[in-house]
Amino acid sequence: MLTGNSCVFGPSYPSGIKIAFGVSMACYVCARTMIALGLGVATVAFAGRYAFRVWKPLEQAITEAAKRISASSLSSYYKGGFEQKMSRREASLILGVSPSAGKDKIRTAHRKIMILNHPDKGGSPYLATKINEAKDLLESSAKN
């Protein structure tokens, strides 16, 4: 039950503080708070509605742009599996050296890759075999 100096949502003020028409100051404070909360909820609702309406065309534009970008341009890694018989080109791609690299460069590249992919350190035995095969192929035809 409301009295002259209290409000359901707000604190009590000393009696005697009356505004026009006999309404206490607490009711005005409470009313301002409720109006501010209502405006805040309405603002969030309208912003959400706007975001949902804008998102559909934006989503379509993003998916179209993603389709236009080729996947190969995003990565500098070799795409594809291993060849049946390893070529010099494939061996140089595996080790990351040029096909005409010297033995020292081939050994250094092999050592770095094997440290990262060794089966004893959790690497794949298949990949270790391919890395060793690439080193052997390039070293057999290297000049120095």
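**Glu 90 and the α3–α4 pair**

Q: Which helix is Glu 90 found in?
A: Glu 90 lies in helix α2, residues 88-95, where helices are DSSP runs of H or I with at least four residues, numbered from the N terminus. This is a predicted model, in which local features need pLDDT of at least 70, side-chain atom pairs count only at pLDDT 80 or more, and totals for chains, interfaces and linings use all residues. Residues are numbered from 1 along each chain as its sequence is written, and side-chain values use heavy atoms, leaving out hydrogens and water.

Q: Is Glu 90 buried or exposed?
A: Glu 90 is buried (under 20% relative accessible area, 1.4 Å probe, protein chains only). Glu 90 nevertheless has no salt bridge (a Lys or Arg side-chain nitrogen within 4 Å of an Asp or Glu carboxyl oxygen), and the nearest side chain of opposite charge, Lys 130, is 5.7 Å away.

Q: And what does Glu 90 touch?
A: Leaving aside residues up to four places away in sequence, Glu 90 touches Gly 81, Phe 82, Glu 83 and Lys 85, with contact meaning heavy atoms within 4.5 Å.

Q: Switching topic, at what angle do α3 and α4 cross?
A: The axes of α3 (residues 103-117) and α4 (residues 125-141), lines fitted to C-alpha atoms over the stretch in contact, come within 10 Å and cross at roughly 175 degrees on a scale from 0 to 180 between N-to-C directions. The two helices are therefore roughly antiparallel (over 145 degrees).

Q: Which residues meet there?
A: Among them, Ile 106, His 110 and Ile 113 in α3 meet α4 residues including Ala 128, Ile 131 and Leu 138.

Q: What about Ile 115 in α3, buried or exposed?
A: Ile 115 is exposed (over 50%), with a relative accessible area of 58%.

Definitions and conventions:
Parallel < 35°, antiparallel > 145°, perpendicular 65-115°, else oblique. Lys, Arg positive; Asp, Glu negative; His and termini not counted.
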